[in-house]
Amino acid sequence: MDRRVLLRAGAVLGATGALTLAPLNFAEAADKSSGAAVAAGTEVTRVIAGHLETGAADFVYLPLEIPSGVNQISVSYTYDKPTVPAGTPGNSCDIGIFDERGTTLGGKGFRGWSGGFRTSFVINGNDTTPGYLPGPVNPGTWHVALGPYQIAPQGMDYQVTVTLQYGPPSAAFVPNYPPERAKGRGRAWYRGDSHLHTVYSDGKRLPSEVAAGARAAGLDFMVSTDHNTSSSHGIWGQYAGPDLLVITGEEITTRNGHWLALGLPAGTWIDWRYRSRDDAFSRFSKQVRRAGGLVVPAHPYCPYVACQWKYGYNDADAVEVWNGPWTYDDESAIDTWDAKLGEAMRSRKHWLPAMGNSDAHRVPQVIGLPQTVVNADDLTRDAILAGIRAGRSWIAESSSVSLALTATGHGRQAGIGETLRVPADAPVDVRLDVSGIPNGTVRLITDEGQMHQESLDASGSGTVVWRTTTSLASYVRAEVRHPLADGTPGKGNTMGPALQWGTMAALTNPIVLQSTDA
């Protein structure tokens, strides 16, 4: 057993929050005296143990010198979980691996990550643990990567067991990527959930179960966003079909917030090993955009460790303002997004679209709660991404909710995500048609705040019309809320200890209102 401790002799502390320990050499497993190759089926195991103190590097790399003739690497790990004082985080440690191509940020060496979801994994040619990339086990220096994102005051004792198996390479894995087009309806509104997890990261559902759930929810498209890995991309082809467009992506989970890379070319991986102070987010957001994808901060006010968004929104293409069942952190996200709309109107720059996704990991979490409804030219990857990027979308709690928002004035009309340009004093009639929300409360909101409120009846269907001008409103958007717990509709222009609103049932991106007199 090799004992590795923090900052022991031979360890190297990197400049970007990474610590590399002295290498563990497996080469002695070969029969040096006879020069014969190690017999197929031979297994060699080494154990690495160590201790990390509070304040350890974000990533601790354990180098493995892998000799020729290896066809499989198996890794397992454990760490202690001592009792900690109330209110103090206990030990939590992620794990992954990089191959002989190295650990350079954004480099080609990534071979898999399972976070804290698994305690062991196997890498070989074609039967690799979900979350890890199949392929050859080439000789050279590999690195097991530990990610100790919470360390108890007593520190963390860890143990990593590595087993090499010798033998000929197994048959190569053949990926089955999903097609980038499904059978659409031409220019239409398409429903989708763009934040979904499977057993390829920390989800409990198989890809087949996620696809079935998307179909049951009435979705036209879904995006696969397993944490920090592209490993599931190569299996989605068998679960897509003419009725369901499967788009490949990734949820990048950094120490200062999570973000979605939507529409990545199949097989593309985006690095997550940085903080907001490292000035790396812009680099990787550009990588996503160059590949035709979208950058979407996820659940920006999630209270979990490392989840709250700290990178700002200058490099974002949209923002996830509604994540799973409606909670207080979604209210905070809506408030921030609405403030960003006001900034964009003042500067006449493109505004930041909102979207909603389920972030479903397991039963009973509901796929499609919520879902983003996108006006796209067709049911293709590029068309869906273009609709989200332009803000031609609205968010619903389920496929039973329907909605249409228009603004009409001076002989012109605009819909969600579009701009209506009319004279400053020309009347603008805003119309919302909605169904599927019994006793719902409609709110029409501008840069001045809530300007109109109206209740739906028990049927859940209705039409609301309100008049304004571009001199009074630079944008208008709609929300539809469920009643409060006591059955009352809520009231947005009051202050007090009680909640103003019930949970969200639907909300729209804005219609921009601009004066032609300016």
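Biologist: Which elements make a right-handed β-α-β unit?

Modeller: This is a predicted model, in which local features need pLDDT of at least 70, side-chain atom pairs count only at pLDDT 80 or more, and totals for chains, interfaces and linings use all residues. Residues are numbered from 1 along each chain as its sequence is written, and side-chain values use heavy atoms, with hydrogens and water left out. Helices (H or I, at least four residues) and strands (E, at least two) are DSSP runs numbered from the N terminus, and a crossover is right-handed if, with the strands pointing away from the viewer, the path from the first strand over the helix to the second runs clockwise. The elements that make this right-handed unit are β18, α3 and β19.

Biologist: In which sense do β18 and β19 pair, and over how many bridges?

Modeller: Two strands pair if DSSP finds at least two bridges between them. N323 stands opposite N357 in β19. The two strands, β18 and β19, pair in the parallel sense, and the number of bridges is four.

Biologist: Which residues cover the two faces of strand β19, and are they buried or exposed?

Modeller: Buried means under 20% relative accessible area, exposed over 50% and partly exposed in between, with a 1.4 Å probe and protein chains only. On one side of β19 (residues 354–357) stand A354 and G356, on the other M355 and N357, and all of them are buried.

Biologist: Which element gives the most to the largest nonpolar core?

Modeller: A nonpolar core is a set of buried Ala, Val, Leu, Ile, Met, Phe, Trp, Tyr and Cys residues joined through side-chain atoms within 4.5 Å. The largest has 42 residues, and W259, I270, Y274, V321 and W337 touch the most other members. Elements giving two or more residues to this core include β16 (257–262), α2 (281–290), β18 (319–323) and α3 (328–347). With six residues, the element that gives the most is α3.

Biologist: Which residues does W337 touch, beyond those up to four places away in sequence?

Modeller: Contact means heavy atoms within 4.5 Å. Leaving out residues up to four places away in sequence, W337 touches V319, V321, L352, P353, A354, R477, L507, T508, N509 and P510.

Biologist: How many residues are in the second, separate core?

Modeller: This second core is separate, and among its members are L52, V60, V75 and F121. The number of residues in the second core is 34.

Biologist: Which residue in the loop between β19 and β20 has a positive phi although it is not a glycine?

Modeller: Most residues other than glycine have a negative phi, and most peptide bonds are trans. The loop between β19 and β20 (371–376) holds P364, which a cis peptide bond joins to V363; P370 is found in that loop too, joined to L369 by a cis peptide bond with omega of about -5°. The residue with a positive phi, near 55°, counts as buried at 12% relative accessibility, and its name is D359.

Biologist: What is the relative accessible area of N439?

Modeller: N439 is found in the loop between β25 (428–435) and β26 (441–446), and its phi is positive, near 60°. N439 is partly exposed, and its relative accessible area is 40%.

Biologist: What pLDDT does the protein chain average?

Modeller: pLDDT is the predictor's confidence in each residue, from 0 to 100. It stays under 50 over residues 31–35, for which the model has two contacts beyond four places in sequence. For the protein chain, 95% of the residues score at least 70, and the average pLDDT is 93.
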